[in-house]
Structures are given as C-alpha cells and as structure tokens.
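Morning, everyone. I'll take a few minutes on one chain. Have a look at it first.

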Amino acid sequence: MDILKLLQAKAEQAEVVQLRSEATTIEFEANRFKTSKVEETSGIAARVVCNGRLGFFASSDEKALDRLLTNVLESASFGDQVPIAFPLPQAAPQVKTYDPAIPDLTVARLVEIGQEIVDLIMAVEPAAQVNVRLNRGVQEIKIQNQAGVEASFRRSPLSIGAEVDRIEGDDVLILYDMLGTTAWDKDYMAFARRLVDKLKLARTLTTVRSGKMPVLFSPTGSLVLGLPLMEGLNGKNVFTGVSPIRDKVGEKLFDDKVTVIDDATLDGKFSSAPYDDEGVPHRRTVLVEHGVLKGFLYDLKTAAQSGVESTGNGTRGLFNPPSPEPTNLILAGGTTPLAEMIAGIDEGLLVEDILGLGQGNIISGAFSNPLSLAFKIEKGEIVGRVKDLSIAGNVYDLLKQVTAVSRETLWVYGGLCMPYVLLPEMNIVAKG
Amino acid sequence: MRDRIEAALKSSRADYTEIRIEQRDATTVAFRGRNLEEASAVVDTGGIVRSLCRNNGWGVVTFNSLDGLTARVEQAYQCARAAHSEQPIALAPVPAAQEQISASLDAKHDFRGISMADKKALAESYNKIMLTFSDRIVDTQTHYGDSFTRLTFASSDGTFIEEERPMVSMVASAIARDGDNVQSAHETRSGQRGFDFVQGCEQLARTAAQRAVDLLGAETVAGGQYPVVIDPVLAGVFIHEAFGHLSESDFVYENPKAKEMMVLGRRFGQDHLTVFDDGSIPGLRGTHRYDDEGTPTRRNDLIKNGILVGRLHSRETAAKMGEPLTGNARAINYRHPPIVRMTNTAIQPGTTSFEEMIQGIKLGIYAIDAYGGQTALENFSFSSGYAHMIRDGKIAEMVKDVILAGNLFTTLLNIDAIGSDFRWINHAGGCGKGGQFPLPVAFGAPHVRIQDVVIGGK
C-alpha cells in the first residue's frame, strides 16, 4: 500500500516519514558486564496539508495504517493554517553518516572495549565504581513528499558513555563523559583518558572564597553558557517573540571571540546527516560571527511563519511533529593555548560540570547553578577540587566580554564542539 | 494473546523471563501563542522481553512487531548468556499475581470518548485566558495531553497482570516581556483520571499569566546564604532530589562504600523529620497496585524521626541486600527494563504554622513552586518558580532566579521547622533517571524551613 499516494488523493500536500532502527547495547554495572540489550524500532509518521491546515499522525504499529489515514486527516481538520510548503527535491551535500565498521562491531568487541575503559579507570582509582554503556546501531530514515522528495539515508550511531562513582566517607564524586560518533573513531579511549585526568585532579580537596573572580569554563562546563544561547537562536522563540535577540540580526552582541555555527554536514559527527527530518538538505549555518548575530535556526513551519527559508534544522522523534533544533553545534575555537589561559589566572575557578542544567528562566539568558565538578586555579595552576558552590549570571551580559577562547576544542556529549572559555569575572557563592 | 505470551514464556531457557506488552493511544493538543501547534493522536505498540541467567546477567529485547514472541524470548536468553556478572544474581521472591486492573474512568468522562474538538476547545479557552490577561503576555504554551495504556505483564514466576493505565494532563505556561526582560511562569495538573480532571482549571491559567507579569518587576536575587522557607511544591521537589534518589538502592547495592555511607540507623535529620515513599495511595500520579516487576506497592518509611530506616528496591536489589521488597521497580514504557524508582515521596507534616515559620527571620527567602531539580547524590540543585524576600519576619518584595544548592549531609539536618499544612502535588512531567523520562511521580510536603541555604546570584 502506497501511503503517500493515498494521502495525496485527499490532501494538497503530504509527507511520509518511515523510521527503522536496530541497536545493541552493552551495559557494565559496577565494573562488570551485566546486561545486553537488543532494540528493534519501526514506525511511520505522516503530515498532510488539507484545506490549508496542517495535520500530524504517528504510529509504531504497522498494522494501524488505516488509522493513520483517518487520524492524520482528522488532525488536519483541526490543524493550524500555516503557509508551509513541503520542499522540492534538492541536492544534498555528501555527508558520511554510515560506517560499516560500526555495525560490524561484535558483542565480544564491545565488551572488550567496555573492559578496557573499566580497567583504565580502575588502575588509577581502584575503589571507584564504573558503569559503562556502549550502544551501536543502524538507523534508516526515508522521507517522501508530494513534491517529489525521496530522501533516504542510513546512519550508524555509536555512543560509549562512562559514569564513575567515587565515594570516600561522605564525599561523593560522580563523573560522566561520553563519545558520540557515526564513524568509527580509532581514538575511542580519549574520553576515558579525560575522565582519568579529572579523577586525578579531584584527589585534592580545597576551598574557595565567595566573591568575584575569573571563571574558566571547560568544553563540558561551557554548555551552561551554550544552552540559553540555543534557546535564543531557536527560530520558534524568535517567531513567538520571546527570544531576547529576536530583532538583533546584524548587531554586535558579544565579544569578537564568540563565533557560533550549526553544521550537520561534517563527516561522521553524531548529529550529521545529508538531510534534516523534513527532507531539507543540511547546510552550515553561521549564527554568530565574531560577536555579530547572523541568523537563527528554522524548520519548515517556523520558516514559513517568519517568511524565511528553512535552515535545515527540522528535528523530530517518531511521535512528535518537527521543531527547529541545533544539529552539531560549534562554538569556534580561539587563538590562545589552554595552558597559557590557566597560567594567566592568579585566583579563579575552572568549571567542568554543573548541576541542574536548563532549570530556571533560560530563555532570558539567566542561569544559576551549583557546580558538580569545579577546580580552583591559584597562581596559574589547578590546585584542587572545590565543592558546595554556585555560579549565576546572564549569558547576554557575560559574553559581551570574554578574556580568551582556547585554541583547543573538544567534541562533547555527542554533537557539541566546545573550546575553553575564560570570563573575566563572575560572582561565586561558596558555603561556609 | 495470553496463550501466545504463556507459550513464549514456557519456551524460555533462562532462569527467569518476563514479557511486557503495551498498547498506548495518546492525544495531544498544543497551543503556542495564538497558533494551534498540534492536534494529533498517536498509536504506540510494542513489547519487551527480559531474561535472567543467574550466573551471567540480564538480556533485554525490545520490539514493535508483536509477531514471533518465542524467537524474542530466545534472543533475550542469548543476550543474558553473553553477560558475565561476578556473582550469581538472585531475585527476591514475590507471590504470583493474577490480576485484571481496569481504569476506573466513568463513561461520561473517559477521555477516549471525548472528541478532539472538545479537547481543543478546552485548551484554547485556557490559552485565551493567558493571552488576554495582559498586553505584556507575548507568548503562551498550553498543552493538553491524554494517554491510555493497555499493559500486559507476565513472568515465568506465574504472574499475569493486565492493567489499564490512563493519564491526563494540562500545562499552562505564560511568557511575559518588557523590552529585553523576558519572564515565564507555568502551572500544571495531571492525574490518572478522566477528562473532568482538567476541566475548570481557569484559575491555573490566570495564575500562570499573573505570575509571569509579576516576575517582570522582580529583581534577581542577591547570591548568598539565607534561611529559606519553601512551599509544599518546592519542598516536594526538594525531598525527591535531596534524599529520594539516595534511597534508590541500585546506587548502593553493588557499592560497599555507598553502603557504608547510607547505613541504616544513620542520622540524616532532626527528630521531627520523617520521609516516606508510598506507591499505594489511591489517586496519586505515582500510584499502581503493582510495580513493573509484579511486586505489590506499599508505604516504605525512608527516614523516621531523623534516622535512616529504609530504602527502595527492585527484586534484584532487595535480594542482594537482604532487605524486604518495596515495589519500586518501574519502567517508563516497553522500550526500557524496570529500574529502582520513587513513586509518591513525601515529608510527613509537623506542627509549625507558616506564620511561626517566618516570624523570626530577619533576612531570608520564601521560595515557591518549582522548575525542577537535579542530584549528584551528595550535592543537589532545586529551582523555584518564583520567590519573595523575607524581611523582619514579613513577606517582602518578589525576587527571581532563585536556585537553591544543597548538600545531603548538611541541608537535611538544617531543616529546623516542618509545617502542618501538608498537601500532595500531582504535576505533569515527571522524574528522569538512566535515560528514562518522564516517569509519573507525586510529591507531598508541608511548608519547610531550612537554615543556611546557598543561593547563587549576582
């Protein structure tokens, strides 16, 4: 049964997205290979524009296709009048998102890698408990619409994540890091070595005073600055008028050293793909260049509402209609070597990880978070881990003046590429 | 279906096997500002087989097509055989249950019988209240959701449970703007109830809009350490984050150092502090007769008069620690195996009135409502929706961006007053852990006063 044809017969525009994926997960719990899991997922989602109104339906039950037809048309009868146009076929960039080496990883090989990670960490921290989760999969996505789009592509996501719990008396240290990729990465142990470095640094506990001081955000820590920006750059928040930077394209909002790019066209990265989830070719979108706001992220609907073109950021799960989201988000590296940045700090804080990311009124740019992993920097050296402190600020104020951005960048949590960012002064509240 | 499930279980070569099949129908109506963003229904059908080979480990298989159950059972067995746990894994015994649990929605209010037009009209009416509340309300999000899950759980221990799980929710968020100052506020309501549960919520929409507008005039809190009075909503989130997650024994059962830290009998609070989790209270979001391993739910005291007295278990953690079953193995859906989770977690009421609580405070904060919270076990964060300064024993000006930092070993001991005004909170959304989000839970608490809380700020 050709669903698209059936829908086309009843609606002006129609789109059918089919998803099929298989994944294998190996879980180490408390240093031991405890669980293995196989997941098979399949489903179909449809959108129609009927009498100018948009409808949506999704199902993971392939036997419920008759309901798909009825429900998507019913949904459209209530739907919003949006000037959306499903795209014409367009050439997409060549993006490598499938590497046969990943589906070829056997369970035995995954277990071996997991053990290698556990062994590396246990060698430096024998009392730690390590939980490792290795997940490799194959996803097949097919997007069709009445305008002739027949976009289909395969991805081979691999993620390896490790959590280390170290308890000494009443001191609890929990560290997490991960690798996320769609191309086999020979240096798959890099993230585990970073965990080891942090564990070693965290052995010494020290204290820090409350007050104002320079703060250095690591690539994982700088997410606290990136998250409010992602909200402000989201076309949906621009269209609805809640983004504080909605009308500031072309204005210099941030320090020269701030450049932000969304790019799903990079080979082998975690969020890479030739097309977005609406069949629009992916592209590289510069959002902020040397502090100047260049644009926002749009999907088809928010682009149509705003009278602009989709930037290819339509993102969806099976059961939700698309919305604009970042793909691989890159905060561009700067010119200063990290070592030089640290060496130049007389008294300051290195923020590696924060608690409660995204809580609070982040659309305004404001954040306030306790730190789950932070180090004190004294006279140009990292001297120890500090606990029980909080930082707060507003990214739209803080990023106006940036002391330095590191030359080094790291891919963290899958699709984020971040440098170290040094801010001249923030207020630290410490317990005591 | 029952025959196929039982035949598949019988074919298993594992020491223990369970099968869970779900069929979920869900409706969503979402307004964003003046636009109807979504009015749609989805169907989600799938299943999970979980097998245990005592000397190896767990095997898990999830799928959408319900054909070939016996082959899935064999695949789960092969997965379990591949693992190599150090010590044999035991499961605490549960009595075999044979149950059919139907959703007690009366026909008139069963949301499956309500038309999409009526659901849309209801959401639209709340949305309109917020949009027309003030010209400073620039954006809204009004979200109506219902879902009806038919669940079958069967295990090789002889349990066979068929259960209907309904859930309805309404979320109203208002965003107010004044120049570059953007503030948001939200109100929610959710329960295992019928359509009538989310009717008549006009006040909820007005409250959200009013608060968003009020927050435009609020100053950002000055960072520092304060005595803080938290309302029942924030106190509920607080006890969930501050302590609840620590009492989930999957964090403890394989970790000797965690066991030492969380040894039963240790003091965590003053004598007036009693904390419990209870998945058996009718009408709350986290309530079910059985957990997702077929263990009956019940009340479990966690802290009694300040002393740690219990923790939450799955069949595996209870067996490993030699402690009684609590009925806390839960899964958000068929894509995940059950893990140790909270249900409805609460601070037992005390005797202090709200007036007594704020009376003696020269400079402090009254923090109300919650955006959420996160824990790294020893340290945690919980954020208020809005707050007021307390000056000379009186509620004073509104402040914003009040996010509280806590430490397990000091913050609970610093609770020095517990109110008598207990209530249960059934908010939409839920708890996240191990990639499983959102799990429906409820919180319960009265007003609570905590000394020396770290609050980040300028």
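Before I start on strands, one term: two strands pair when DSSP finds at least two bridges between them. Keep that in mind. Also, this is a predicted model.

Now the case in point. Strand β11 of chain B covers residues 299–304. How many bridges join β11 to β12(B)? There are 2, and the two strands run antiparallel. With at least two bridges required, β11 and β12(B) count as a pair. As for residues, K304(B) has I307(B) in β12(B) as its bridge partner.

Let's widen the view. These strands belong to an open sheet of 6 strands in chain B, with mixed pairing. The order is β12-β11-β10-β15-β24-β21. Which strands sit at the edges? They are β12, residues 307–308, and β21, residues 423–425, of chain B. Each of these pairs on one side only.

A helix joins the picture. Helix α5 of chain B, residues 232–242, packs on this sheet. Helix α5 touches four strands of chain B: β10 (275–278), β15 (344–347), β21 and β24 (442–445). The direction of α5 makes about 115 degrees with that of β24(B).

Now the whole chain. Chain B has 9 helices and 25 strands. Its C-alpha atoms fill a box of roughly 70 × 55 × 35 Å along the principal axes. Is that compact or extended? A compact globule of 458 residues would have a radius of gyration near 23 Å, and chain B has 23 Å, so the two agree. Buried residues make up 59% of the 458 in chain B.

Last point, contacts. Take those in chain B between residues at least 6 apart in sequence: 73% join residues at least 24 apart.

Technical notes. Residues numbered from 1 in each chain as written. Chains lettered and ligands numbered in written order. Predicted model: local features only at pLDDT ≥ 70, side-chain atom pairs only at ≥ 80, totals over all residues. Rg over C-alpha atoms; globule rule 2.2 N^0.38 Å. Buried ≥ 20, exposed ≤ 12 C-beta atoms within 10 Å, placed from the backbone. Contact = placed C-beta atoms within 7 Å. Axes fitted to C-alpha atoms, helices over the stretch in contact; angles between N-to-C directions.
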